[in-house]
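Subject: Structure handover

Hello,

Here is the structure I said I would pass on. My notes on what was found in it follow below.

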Amino acid sequence: MEASAIREILKVASSPGVISLAGGLPAAESFPLAIMQDLMARVVEKHGAKALQYDASEGFGPLREALVPHLAARGVAVDPSGLVVFSGSQGVLDAIGKVLISPGDVVAVEAPTYLGALQAFNPYEPRYAEIATDDHGLLPDSLDAVLTREPVKFVYLVPTFQNPTGRTLPLARRLAVAEILRRHGTLLVEDDPYSDLRYTGERVPPIQSFAPENVAYMSTLSKTFAPGLRVGFCVAPAPLLRWLVVARQGVDLHTSTLGQALAAEYLVGGHLERQLPKILALYRPRREAILAALSRHLPAGFRWTQPEGGMFVWVEGPAGLDAVRVNERALAAGVAFVPGRYFFVDEEQGAATLRLNFTAADPETLDQAVEVIAAALIAELAAGGK
Ligand SMILES: Cc1ncc(COP(=O)(O)O)c(C=O)c1O
């Protein structure tokens, strides 16, 4: 295991006086604080001591029941026995690594990919095969070629509002990926924390809905309820799901019963349906603000994604730019972001890239922050890396 450079960046980014576009945090204003006392009272009334007791590793029964219609509305057909609750989707990623990866096994990933997945898998010592991407996410032909060339244990993708790029794989490519998975008999780990955070455009079904036998699908309530509760969940073919439960027993036995009971009440009481429009109304202007600020402040030679949802915009600068040095310059002026290199297996590929979060700051602050980052970029380009 390696200490992560990004942890250090996030520590500095959370210092007082720093505007942070570095984290992937929901805005504090997005949390349903006003209903928490009621939710808690309902949990105590309905479940009493059961909500404070040890519980099944598979998850709290009422939450598993409540997740069935939640998932069905998002295109994932499952009954309670086909899903397991984990301590965040991060808990699923760790269990996947533990169960599936032996040293030297090949895991196929997008470049760039979610850093937290690499951190979860790395202790099990995989080798990574990279799948080529363009502005719309992974290229199905590249996936086909990787699966033909390499003995891939599983493919890991974030197809919707990807962390870090914000890109979404279009429907036609999802169908192509499903066909390729079936043809090669390969497992996909589909990580889907962001699809509820859509500000514009049409919802796209998860790849799981086109190839349920080939997909371990995971999502979370971290972005639409509260990450502090650590409630994530996984839908997977039965033999794999069984081993994921065994793997997690040695880690945490089960996810906090109280957190799961609160999550169940949040879903059953219709609170998510009422809260989600408020969260979208909070984030939508922030997305527009950061895209407008990038157009206003960034010099020629830069391009960036136009995410329809999620939390991140991805900026690509000219070859030779070192975003780590840009981050140091921006930090000296009170603004933090994450250099994109950490999201690549081969970090050099991402040297000139930046990941900017747009959900944690208000529109005016985002404009100021982008102005500071633009000044840092211009200064770094002028210095030529010196
Ligand atoms: C792609 C992706 N997967 C998983 C996670 C982990 O989420 P959690 O463990 O809070 O469910 C995140 C959090 O930012 C993420 O961006």
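**Strand E15 and its sheet**

Both faces of strand E15 are covered: Thr353, Arg355 and Asn357 are buried on one side, and Leu354 and Leu356 are buried on the other. Please keep in mind that this is a predicted model. The strand runs over residues 353-357, and 5 of its 5 residues are buried, so E15 is largely enclosed by the rest of the structure.

What does E15 pair with? One partner is strand E12, residues 312-316, joined to E15 in the antiparallel sense over 5 bridges. Within E15, Leu354 has Val315 standing opposite. Another partner is strand E14, residues 338-339, which also runs antiparallel to E15, here over 2 bridges. Val338 has Arg355 as its bridge partner in E15, and Pro339 has Leu354.

These strands belong to an open sheet of 4 strands in the order E11-E12-E15-E14, with antiparallel pairing. E11 (303-304) and E14 stand at the edges with a single partner strand each, so one side of each has no neighbour in the sheet. As background, strands of a sheet pair through backbone hydrogen bonds, either parallel or antiparallel.

One residue of E15 can be followed in more detail. Thr353 lies in this strand. Its relative accessible area is 7%, and Thr353 is therefore buried, the cut-off being under 20%. The side chain of Thr353 reaches the backbone oxygen of Gly350 at 2.6 Å.

**The ligand and its surroundings**

The ligand takes up the space of the largest pocket. Which residues come nearest to the ligand? Of the 13 residues around it, they are Ser89, Asp191, Tyr194, Thr220 and Ser222. Helix H4, residues 88-100, gives the most to the shell around the ligand, with 3 residues.

Several polar side-chain atoms lie at short listed distances from oxygen atoms of the ligand:

- Asn163: a polar side-chain atom is 2.9 Å from a ligand oxygen atom.
- Thr220: the corresponding distance to an oxygen atom of the ligand is 2.7 Å.
- Ser222: a polar side-chain atom lies 2.6 Å from an oxygen atom of the ligand.

On its own the ligand has 400 Å² of accessible area, and the protein covers 92% of it.

Thr220 has further contacts within the protein. The residue lies in strand E9, residues 215-220. Thr220 counts as buried because its relative accessibility is 5%. Its side chain reaches the backbone nitrogen of Ser222 at 2.9 Å, and the side chain of Thr220 also reaches the backbone oxygen of Val231 at 3.3 Å.

**Strands E2 and E10**

Strand E2 covers residues 83-87, and 4 of its 5 residues are buried, so E2 is largely enclosed by the rest of the structure. E2 pairs with E10 in the antiparallel sense over 5 bridges. In this pairing, Phe86 stands opposite Gly232 of E10.

Ala236 is in the loop between strand E10 (231-235) and helix H8 (238-252). Is Ala236 buried or exposed? At 10% relative accessibility, Ala236 counts as buried. Ala236 and Val189 are 47 residues apart along the chain, and their C-alpha atoms are separated by 9.0 Å.

**Backbone details**

Two cis peptide bonds are worth a look in the viewer. One joins Ala111 and Pro112, with omega about 5°. Pro112 is found in the loop between strand E3 (106-110) and helix H5 (115-121). Another joins Asn163 and Pro164, with omega about 25°. Pro164 lies in the loop between strand E7 (152-157) and helix H7 (171-184). Asn163 also appears in the ligand list above, with a polar side-chain atom 2.9 Å from a ligand oxygen atom.

The loop between E7 and H7 also holds Phe161. Phi of Phe161 is near 50°, a positive value in a residue other than glycine. With a relative accessible area of 0%, Phe161 is buried.

Leu253 is not a glycine either, yet has a positive phi of about 60°. Leu253 sits in the loop between H8 and helix H9 (257-268). Where Phe161 is buried, Leu253 is partly exposed, with a relative accessible area of 41%.

Regards

Key:
Residues are numbered from 1 along each chain as its sequence is written. This is a predicted model: local features need pLDDT of at least 70, side-chain atom pairs count only at pLDDT 80 or more; totals for chains, interfaces and linings use all residues. Side-chain values use heavy atoms; hydrogens and water are left out. Buried means under 20% relative accessible area, exposed over 50%, partly exposed in between (1.4 Å probe, protein chains only). Two strands pair if DSSP finds at least two bridges between them. A residue is near a molecule or strand if one of its heavy atoms lies within 4 Å of it. A polar contact is a pair of N or O atoms within 3.5 Å; within protein, one must be able to donate a hydrogen and the other to accept it, and residues adjacent in sequence count only if both atoms are side-chain atoms. Accessible areas come from the Shrake-Rupley method with a 1.4 Å probe; for residues, only the protein chains shown count as cover. On a 1 Å grid over the protein atoms alone, a cavity is a set of points where a 1.4 Å probe fits but cannot get out, and a pocket is an open set with protein on both sides within 12 Å along at least five of seven lines; lining residues have an atom within 4 Å of a point. A molecule sits in a cavity or pocket if more than half of its atoms lie within 2 Å of its grid points.
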